[in-house]
Amino acid sequence: MYRVIKRLLDILCSFLGIVLLSPLLLILALLVKCTSKGPVLFRQKRVGKNKKYFEILKFRSMRADTPHDVPTHLLQNAESSITPVGHFLRKTSLDELPQLFNILMGQMSIVGPRPALWNQYDLIAERDRYGANNLTPGLTGWAQVNGRDELPIPVKAELDGYYAAHISFRLDVLIFFKTITNVLFGKGIVEGKQS
């Protein structure tokens, strides 16, 4: 029953978010366009519910010639690829705001496991063990608020599995407010290749 309510909440919240944040979306789009060459939006093939692919939307925060299908934390020199406004967008997670359109279209939810890149086979396989790939991916999730980029893949998948087993309105609210706190304090963001 909650999954039906969850989808209705996603539609309502994403629509209101797009309407209320439209001036900010416009300003950010102009900043991206005026400070670096390339498109305003970054589009990337991601794994959705039941492992169906979709195209995630973000404000472009890296140079247009940066490798397209490599997670940022695996890039050899990520800092040099980030655009002048990209640092601000990534630190504040404002680059994720276009995903409100993914949510409105039903490709994503506000809360759920973050959508894996299509070629993150290790993460996808680990999530299979926990049933996390059967969920609609989220703008934020349980793994996101418990370490984000700092987490090794088995731990990330286990946290996604915990969410899959305990999905509820209460847990979604907790994740939503923990996300706000984490964004304000810049927790869990890792740029560049890690050992």
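Select Lys6 and Asp172 to begin: in this predicted model, their side chains form a salt bridge with N and O 2.7 Å apart. Lys6 sits in helix α1 and Asp172 in helix α8 (residues 169–185), so the contact ties together parts that are 166 residues apart in sequence. Colour both residues by accessibility. Lys6 counts as buried because its relative accessibility is 9%, and Asp172, at 7%, counts as buried too.

Stay on helix α1, which spans residues 2–20. Now select Val4, Leu8, Ile11, Leu12, Phe15, Leu16, Val19, Leu20 and Leu104, and show the surface. These residues form a nonpolar patch with about 830 Å² of accessible area together. Helix α1 supplies the largest share of the patch, eight residues. For one example, click on Leu16, which is in helix α1. Its relative accessibility is 41%, so Leu16 counts as partly exposed.

Next, go to helix α6 (residues 121–130) and pick Glu126 and Arg129, which lie three residues apart, about one turn of the helix. They form a salt bridge, with the closest N and O atoms 3.0 Å apart. Is each partner buried or exposed? Arg129 is exposed because its relative accessibility is 60%, whereas Glu126, at 19%, counts as buried, the cut-off being under 20%.

Add Arg127 and Asp160 to the selection. Their side chains meet in a salt bridge, 2.7 Å from N to O. Arg127 belongs to helix α6 and Asp160 to helix α7 (residues 153–166), so this pair ties together parts that are 33 residues apart in sequence. Arg127 is buried, with a relative accessible area of 4%, and Asp160 is buried at 2%.

Keep Arg127 selected and turn to the empty space. Which residues line the largest cavity? Arg127 is one of them, along with Val47, Gly48, Pro113, Arg114, Pro115, Ala116, Ala132, Asn133, Leu135, Thr136 and Pro137. The lining divides into seven nonpolar, three polar and two charged residues. The cavity holds about 60 Å³ of space, and the structure has one cavity of 30 Å³ or more.

From the lining, pick Arg114 and add Lys58 and Glu96. These three residues are linked in a network of salt bridges.

To finish, display every salt bridge in the structure. How many are there? The count is seven. The bridges visited on this tour include Lys6 with Asp172, Arg129 with Glu126 and Arg127 with Asp160.

Technical notes:
Residues are numbered from 1 along each chain as its sequence is written. This is a predicted model: local features need pLDDT of at least 70, side-chain atom pairs count only at pLDDT 80 or more; totals for chains, interfaces and linings use all residues. Side-chain values use heavy atoms; hydrogens and water are left out. On a 1 Å grid over the protein atoms alone, a cavity is a set of points where a 1.4 Å probe fits but cannot get out, and a pocket is an open set with protein on both sides within 12 Å along at least five of seven lines; lining residues have an atom within 4 Å of a point. Grid points are joined across faces, edges and corners, and a volume is the space filled by probe spheres set on the points. Ala, Val, Leu, Ile, Met, Phe, Trp, Tyr, Cys and Pro count as nonpolar, Asp, Glu, Lys and Arg as charged, and the others, Gly among them, as polar. Patches are made of residues with over 30% relative accessible area and no salt bridge: like charges are joined within 9 Å, nonpolar side chains (Val, Leu, Ile, Met, Phe, Trp, Tyr) within 5 Å. Accessible areas come from the Shrake-Rupley method with a 1.4 Å probe; for residues, only the protein chains shown count as cover. A salt bridge is a side-chain nitrogen of Lys or Arg within 4 Å of a carboxyl oxygen of Asp or Glu. Helices (H or I, at least four residues) and strands (E, at least two) are DSSP runs, numbered from the N terminus. Buried means under 20% relative accessible area, exposed over 50%, partly exposed in between (1.4 Å probe, protein chains only).
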